[in-house]
Amino acid sequence: MDRFQHYIDGAFEDGSAGFESLDPATGQPWAVMPEASASDVDRAVRAADRAFCAPDWAGLTATQRGKLLYRLADLVQEAAPRLAALETRDTGKIIRETSAQIAYVADYYRYYAGLADKIEGAHLPIDKPDMEVWLRREPVGVVAAIVPWNSQLFLSAVKLGPALAAGCTVVLKASEDGPAPLLEFARLVDQAGFAPGVVNILTGGPEAGKTLTAHPLVAHVAFTGGPETARHIVRASADNLAKTSLELGGKSPFIVFEDADIDSAVNAQVAGIFAATGQSCVAGSRLLVHRSVRDAFIAQLKAKAKAVRIGAPDDMETEVGPLCSLRQRQRIEGVIAQSLDAGAKLVTGGQAPNSEGFFFPPTILDCSDAPAAPCITEELFGPVLSVLAFDTEDEAIALANATPYGLASGVFTRDLARAHRMIRAIRAGIVWINTYRAVSPIAPFGGHGLSGHGREGGLAAALDYTTLKAVWLRTSDDPIPDPFVMR
Ligand code: NAD
């Protein structure tokens, strides 16, 4: 079996314990991963804390930090086939998607490389004639970055890129599910020439995560994962009053009006829910469709869902691969069973194939008679689409906003005025009009409510890893008067 190592303080090490990683396509172990103990996590945070003040990091100019990030981006691009293959092997995400996404990962590092020396402070027109006051933007300190299994290279790039551009140091915890690509990525960080301790990468489960988020030397916890874990993280970081940014789940509405380009909307919906086998935080998992086009829309969707090529994730022809873990499949099966009991009707899918691996087919549930079924209210994180019909725009808005999440949303209409009304009315961090699932390093990404807070991508993310220092400089040569002269 393959073996992977942690990267702590510029050195590769085996970790105090190890665990086997399963290949989701076969359900069989294929590699041994190191498991971080509390003392491994503590050493990594202390190394990051030392590196934060050390001259070979703190003494670099912002432009020099940017050059290191450019080098890292080039190394990611060169290693793309290897990284994509590892992500596919360890998480089951299909090779078509991991290969395409890795190009984006390099783009994100390049964006933040270029941004490093554009994170500016400010000069203030202060209301005192003999004073100059300016604001320095300084890095917050050690960042604890925690990611879930899906898209680990991407979800760490949106944290590492801005945090390093801002001058922070990082301890990155890969998910215990599918950590191989990130542990391999550590070799590129090493080659890029970052000083020891600037970036530390380890893996392990909730225990490692708890030690990391409760560590007194951590200044900012950047987390992507589920809302329940986020609650633990906020509590654990409360003692140190560490800053948090939380990118959580969603139950995003995909809204189709009667005047939409139906063929385009169907294609966008298929990609919006079945890409990444539905294991995407922005998955358009609730289809809200105008009643007049509902039956035709569902018929087209069903035909496409049934035609999807399910298969080995490392085959370029495969369109839907396995889920990441058996636990994930069992949870999806449980929610579907409860939803059917509540009155939802199966349009297609719903039954795991009788084969090895953690496969689950594209599934559509008509929830007309069960608008409160768990498949409509809970994030499944799988290839399961739940459908509701609406008659009026107000009804569509009410349904769109009827969950405690607020991450993404999509609206398909040719009516510009209506599109603007929907943009204003939908409570979500992203509104896509006549498109879905588009992302870019330039555009901030994030949500509110149970979808979290803080933004990744864009300038906003880099600023989030900084703090302001106000500097007061007295410019007058006049002596400072004795304050007690009047006494
Ligand atoms: P999860 O919350 O179970 O785990 C995420 C990470 O947190 C893992 O690395 C895990 O080891 C760690 N962790 C678990 N318990 C912890 C604790 N007590 N303290 C600290 N760390 C702990 O999430 P998951 O099941 O791996 O991923 C799926 C979730 O992630 C979904 O809800 C999905 O929507 C969300 N997600 C959100 C985004 C986004 O950008 N908003 C992107 C991808 C995934």
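This report describes the domain arrangement, the ligand surroundings and the salt bridges of a predicted model.

**Domains and their interface**

The domain assignment divides the protein into domain 1, made of residues 2-247 + 457-471, and domain 2, which covers 253-433. Domain 1 is thus given as two segments of the chain. Taken over C-alpha atoms, the centres of domain 1 and domain 2 are 31 Å apart. Contact between them involves 18 residues of domain 1 and 26 residues of domain 2. About 1,800 Å² is buried between domain 1 and domain 2, and carbon and sulfur atoms give 61% of this area. Within domain 1, the residues that lose the most area to domain 2 are Ile94, Arg96 and Trp149; together they account for 31% of what that side buries.

Polar interactions also link the two domains. Between domain 1 and domain 2, 7 residue pairs are in polar contact, with both residues at pLDDT 80 or more. Two helices, helix 4 (80-91) and helix 5 (95-115), each supply at least two residues of the side of domain 1 that touches domain 2. Helix 5 gives the largest share of that side, with 4 residues. By class, the side of domain 1 that touches domain 2 consists of 7 nonpolar, 7 polar and 4 charged residues. The interface of domain 1 and domain 2 holds 1 salt bridge.

**Ligand surroundings**

There are 29 residues around the ligand, and those that come nearest are Val147, Glu176, Thr229, Leu248 and Glu379. The table lists polar approaches to oxygen atoms of the ligand, including one that involves Val147.

| Residue | Group facing a ligand oxygen atom | Distance |
|---|---|---|
| Val147 | polar backbone atom | 2.8 Å |
| Lys173 | N or O atom in the side chain | 2.8 Å |
| Gly226 | polar backbone atom | 2.8 Å |

The side chain of Lys173 therefore supplies its atom from a position within 3.5 Å of the ligand, which satisfies the cut-off for a polar contact.

**Salt bridges**

Side chains of opposite charge can pair when their charged atoms come close. The structure as a whole contains 29 salt bridges. One pair is formed by Arg291 and Asp391, whose closest N and O atoms are 3.0 Å apart. Arg291 belongs to helix 11 (residues 291-307), whereas Asp391 lies in the loop between strand 17 (384-390) and helix 14 (393-400), so this salt bridge ties together parts that are 100 residues apart in sequence. Another salt bridge joins the side chains of Asp177 and Arg327, with an N to O distance of 2.9 Å.

Terms used. Residues are numbered from 1 along each chain as its sequence is written. This is a predicted model: local features need pLDDT of at least 70, side-chain atom pairs count only at pLDDT 80 or more; totals for chains, interfaces and linings use all residues. Side-chain values use heavy atoms; hydrogens and water are left out. Domain bounds come from an automatic or database domain assignment. Contact means heavy atoms within 4.5 Å. Buried area is the accessible area (1.4 Å probe) that two parts lose on being put together, summed over both. A salt bridge is a side-chain nitrogen of Lys or Arg within 4 Å of a carboxyl oxygen of Asp or Glu. A polar contact is a pair of N or O atoms within 3.5 Å; within protein, one must be able to donate a hydrogen and the other to accept it, and residues adjacent in sequence count only if both atoms are side-chain atoms. Ala, Val, Leu, Ile, Met, Phe, Trp, Tyr, Cys and Pro count as nonpolar, Asp, Glu, Lys and Arg as charged, and the others, Gly among them, as polar. A residue is near a molecule or strand if one of its heavy atoms lies within 4 Å of it.
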